[in-house]
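Please work through the exercises below with the sequence and the model side by side. Each exercise gives a task, followed by a solution that goes step by step.

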Amino acid sequence: RPIETEVTSALGVDTCDYDITVTANIKDCGTGELKTVSDPITASKSVTVHLDNVAPVVQCGFRSPNSSSINAVDDKTLYHYMLKTDGSSGLALSDARFFYEVEDNCKDDVHINLVVNSNEIQQGTLAELFKYKITGIEEQAKFLYDTTSCETMGGDLFCEQDPSMENLKVRFYDVTVTASDSAGNTGSDTCKVILVPSCDPSTSKSNKIDSNCEELERERGAKAEKEEAERTERTGSTSLSSKTEMDHQGKMEKTAEKFYYKMDYMKEVIAQSQILHKAAEAKFVWDHELDAPSTPLGTSIVYTPAPPVLDVSKAKELCSRNTFFSSKDNAEDCVLSYSSATDDYREVQLTTTTEDVSGADALSSCTTTLNITVTASIKGCPELSSSETVFVLVDKNVAAPKCDFAQGPDVSPVLDVSRSIQFCENEIFSSIEASKDCVLKNSKADDASGGCRPIETEVTSALGVDTCDYDITVTANIKDCGTGELKTVSDPITASKSVTVHLDNVAPVVQCGFRSPNSSSINAVDDKTLYHYMLKTDGSSGLALSDARFFYEVEDNCKDDVHINLVVNSNEIQQGTLAELFKYKITGIEEQAKFLYDTTSCETMGGDLFCEQDPSMENLKVRFYDVTVTASDSAGNTGSDTCKVILVPSCDPSTSKSNKIDSNCEELERERGAKAEKEEAERTERTGSTSLSSKTEMDHQGKMEKTAEKFYYKMDYMKEVIAQSQILHKAAEAKFVWDHELDAPSTPLGTSIVYTPAPPVLDVSKAKELCSRNTFFSSKDNAEDCVLSYSSATDDYREVQLTTTTEDVSGADALSSCTTTLNITVTASIKGCPELSSSETVFVLVDKNVAAPKCDFAQGPDVSPVLDVSRSIQFCENEIFSSIEASKDCVLKNSKADDASGGCRPIETEV
């Protein structure tokens with residue numbers, strides 16, 4: 001069938017998201033005898049695409065200089081008026097108070113590349129960029145620049161001027177901020193810092209350079225000082241970073257020259273430059289979820305004076321503990337050369353002080369130990385300092401030691417227990433000795449002095465936090481300090497580490513049993529045996545199973561789950577179910593087993609069903625069940641317990657007094673049932689409820705009492721009879737878990753578990769898959785047969801029957817406009833108990849004319865086409881388009897629509 005596919009678009013939730021809807025249209029229902037459908041059948045799906053064709057907007061600038069500064073900001077240019085003292089204290093950098101802002105149309109992070117270029121290059125640092133971050137505010141850049149120029153630098157440092165400048169040689173910096181959004185759109189902005197030199201207009205009035213000279217606006221500083229004083233009086237605080245900064249800016253005012261070149265002339269001068277050198281570069285991220293700086297202009301960021309950052313890690317690595325020095329001076333030189341300190345703005349100096357700590361605090365008993373303290377301080381400001389200590393070893397006699405004391409003569413051995421942790425911590429041991437052997441075997445101790453000292457490794461154990469956890473401590477001992485002129489160490493040097501192991505050498509204790517029979521039952525429990533007295537009605541209603549009211553309990557010494565294997569064996573085998581095991585679970589309580597058994601035996605079964613008696617029994621043929629519970633803990637220790645169910649047949653003692661079998665016959669204790677009924681009545685009156693599962697169960701047990709025989713074989717004789725058996729057949733098996741975090745059943749003996757009658761579980765999923773919507777039937781009977789054969793129902797204890805009812809729904813609720821649609825309802829009910837039922841409906845198609853249709857209507861004549869947009873999602877959702885038409889074209893091109901009826905209907909696809 002012909003298919004037309006089209007795409008349409010609509011703005012999504014986000015400003016940059018668009019929903020592209022793909023629609024596949026079929027204009028007719030098919031050919032042949034199928035009816036024409038007036039309304040087109042459509043299949044639509046949506047693909048969300050991301051559109052971003054707008055570049056981010058970038059703005060950079062400089063915050064206003066501090067109030068006492070003579071520098072000025074005009075538009076995007078900072079004019080730095082060079083002072084007499086610029087460059088006098090080395091390569092000191094100045095803060096440009098730079099900022100940038102970004103606006104983007106989409107809610108995506110924008111990547112920032114910030115580049116600083118200058119028209120001059122010099123030895124040393126020309127410019128630096130640092131990142132700084134205020135919580136919740138966008139990441140910003142701290143731009144520091146050298147305030148000197150090649151013209152004013154002086155000294156022997158290399159500096160190259162800009163050869164493209166003709167007359168005046170000045171230095172300037174270009175700061176370019178480039179922002180790239182997720183679509184690759186870019187925007188940028190450039191700001192400048194110009195170092196304005198001083199000038200002398202009196203040299204020559206005709207000289208163009210000097211004619212652009214003007215007197216510095218001195219009142220700028222005075223006005224700023226007045227404004228600062230008023231602000232301090234009004235707010236109680238200064239906007240400058242600190243008193244130190246105010247003093248510094250005041251000095252700037254005093255060290256300024258009288259005349260400087262004009263701003264406009266500076267612009268003309270730097271416009272001549274044709275050369276730029278990259279001085280610094282850094283990358284930032286403008287996070288769309290953070291706030292932009294609220295007041296970037298005119299805002300002063302306060303910096304608290306802090307000591308320099310001192311790093312002695314390299315000195316500790318290369319000078320401390322792993323090297324011997326022949327003198328104190330050599331040790332100090334090593335520490336000083338491998339120590340470093342940094343400060344963003346100020347010059348730092350390093351000094352050392354040395355102390356002999358070879359006494360009580362000695363690092364080694366064989367050498368001299370020195371404590372070298374490294375101090376980093378701001379040059380000219382000693383109170384801003386930070387210090388760290390490095391221990392070193394000095395011994396002039398160990399220049400060529402017999403042992404390699406690279407880490408010191410008394411250093412502890414290197415103890416590695418990683419393999420012990422890997423191989424022993426996850427193992428469960430049956431003895432503490434086995435766990436110790438594992439740890440000792442997998443631990444490795446090496447002498448750090450090159451293997452010339454004897455090492456003794458030992459393990460000790462202690463009970464851990466848990467009853468089954470033990471902490472195995474591994475200790476590596478070195479008994480002497482070395483040889484030659486080194487002193488002997490009296491105390492052993494030890495290295496110790498601990499490994500936790502799991503010990504379990506106790507088998508779990510298992511107990512099984514049967515809860516007391518219900519009060520009206522004639523059955524009896526003696527120790528671990530349930531005596532089932534066979535009734536006249538046993539086996540009369542088919543292979544009905546009885547609940548043994550079985551339970552089991554487990555005790556284990558460790559807090560681990562115990563795995564349970566439960567096996568039911570019988571001395572007889574028969575056609576049909578002999579026994580069944582079900583799991584049942586009460587929230588918070590250990591998982592338990594429901595054991596159901598057949599109450600008949602081969603002797604009493606009758607009928608044509610196959611049943612094989614126990615040939616090893618000589619006289620009386622009886623059936624019994626062995627229920628064995630085996631518990632295995634995590635160490636593989638096992639414990640088990642076995643319980644039995646014996647089917648006790650009736651007997652007639654009058655047949656022959658001399659016969660041993662009959663002489664073990666006794667009259668049933670009838671008062672057992674009567675006494676139980678009396679106790680049950682008293683319990684009901686006292687508690688207001690019956691301990692039986694339900695009224696139905698009480699009536700059922702009453703019937704058991706009435707259908708019992710008069711005489712049954714004695715319990716002791718039954719034990720003798722089953723002791724003859726030498727044959728057991730497996731009847732059922734199931735696995736359970738005894739969870740160490742759950743509670744055991746609190747009162748397993750004498751407790752009745754209440755079961756609420758429930759309908760059977762019905763499953764028609766297979767019928768819906770194989771009979772509904774994807775198959776045509778030539779008749780109603782064929783459709784019903786298909787649904788019934790692929791439906792199933794289950795119930796744990798009772799027999800289930802399935803029935804169907806059929807309704808023609810070809811009207812308003814029709815599945816198809818071309819065929820007859822039937823609603824087949826499947827009902828599953830308990831046999832003999834129709835009120836306990838569950839139902840589900842399956843829709844089927846019936847049309848005798850479509851046995852060999854021209855089109856393949858396996859899924860119905862009106863089924864929508866199959867639309868696949870997976871390639872659209874793969875290739876279009878992660879693409880960013882510059883126009884909505886381009887995104888539509890991508891989705892339409894990568895969408896695929898197929899006619900489910902075999903391709904004989906036209907399909908139109910749209911977006």
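**Exercise 1.** Find the element that holds Asp 526, and decide whether this residue is buried, partly exposed or exposed.

Solution. Asp 526 belongs to strand β32, where strands (E, at least two residues) and helices (H or I, at least four) are DSSP runs numbered from the N terminus. The next step uses the classes of relative accessible area, in which buried means under 20%, exposed means over 50%, and partly exposed lies in between (1.4 Å probe, protein chains only). With a relative accessibility of 32%, Asp 526 counts as partly exposed. As a last step, compare two distances: Asp 526 and Phe 514 are twelve residues apart in sequence, and their C-alpha atoms are 9.2 Å apart in space.

Two notes apply to every exercise. The model is predicted, so local features need pLDDT of at least 70 and side-chain atom pairs count only at pLDDT 80 or more, whereas totals for chains, interfaces and linings use all residues. Residues are numbered from 1 along each chain as its sequence is written, and side-chain values use heavy atoms, with hydrogens and water left out.

**Exercise 2.** Locate Asp 527 and Asp 75, and describe the backbone angle phi of each.

Solution. Begin with Asp 527, which is placed in the loop between β32 (524-526) and β33. Its phi is positive, about 55°, although Asp 527 is not a glycine, and at 67% relative accessibility the residue counts as exposed. Turn next to Asp 75, which is found in the loop between β5 (72-74) and β6 (77-81). Asp 75 also is not a glycine, yet has a positive phi of about 55°, and its relative accessible area of 66% makes it exposed.

**Exercise 3.** Follow the chain into strand β33, and state whether Tyr 531 is buried or exposed.

Solution. Strand β33 covers residues 529-533, and Tyr 531 lies in it. The relative accessible area of Tyr 531 is 0%, so the residue is buried. Its C-alpha atom is 5.1 Å from that of Ile 646, while the two residues are 115 residues apart in sequence.

**Exercise 4.** Which residues of helix α14 are buried, and how are they arranged around the axis?

Solution. Helix α14 spans residues 715-723, and its buried residues are Tyr 717, Met 718, Val 721 and Ile 722. Around the axis these cover an arc of only 130°, which puts them on the same side of α14; the arc is that of the directions from the helix axis to the C-beta atoms. On the other side of α14, Asp 716 and Ala 723 are exposed.

**Exercise 5.** Repeat the analysis for helix α7.

Solution. In helix α7 (residues 328-337), the buried residues are Ala 331, Glu 332, Cys 334 and Val 335. Seen down the axis of α7, they fall within an arc of 160°, so they line one face of the helix.

**Exercise 6.** How many salt bridges does the structure hold, and which parts of the chain do some of them join?

Solution. The structure holds 20 salt bridges, a salt bridge being a side-chain nitrogen of Lys or Arg within 4 Å of a carboxyl oxygen of Asp or Glu. One of them joins Lys 192 and Asp 174, at 2.5 Å from N to O. This pair links distant parts of the chain, with Lys 192 in strand β15 (residues 186-196) and Asp 174 in strand β14 (residues 172-180), 18 residues apart. Lys 192 counts as partly exposed at 24% relative accessibility, whereas Asp 174 counts as buried at 10%.

A further salt bridge is formed by Lys 766 and Glu 769, whose closest N and O atoms are 3.8 Å apart. Both residues lie in helix α15 (residues 765-771), three residues apart, which is about one turn of the helix. Lys 766 has a relative accessible area of 41% and is partly exposed, and Glu 769 is partly exposed as well, with 46%.

The side chains of Lys 768 and Glu 840 also meet in a salt bridge, at 3.6 Å from N to O. Lys 768 lies in helix α15 and Glu 840 in strand β51 (residues 833-846), so the pair ties together parts that are 72 residues apart in sequence.
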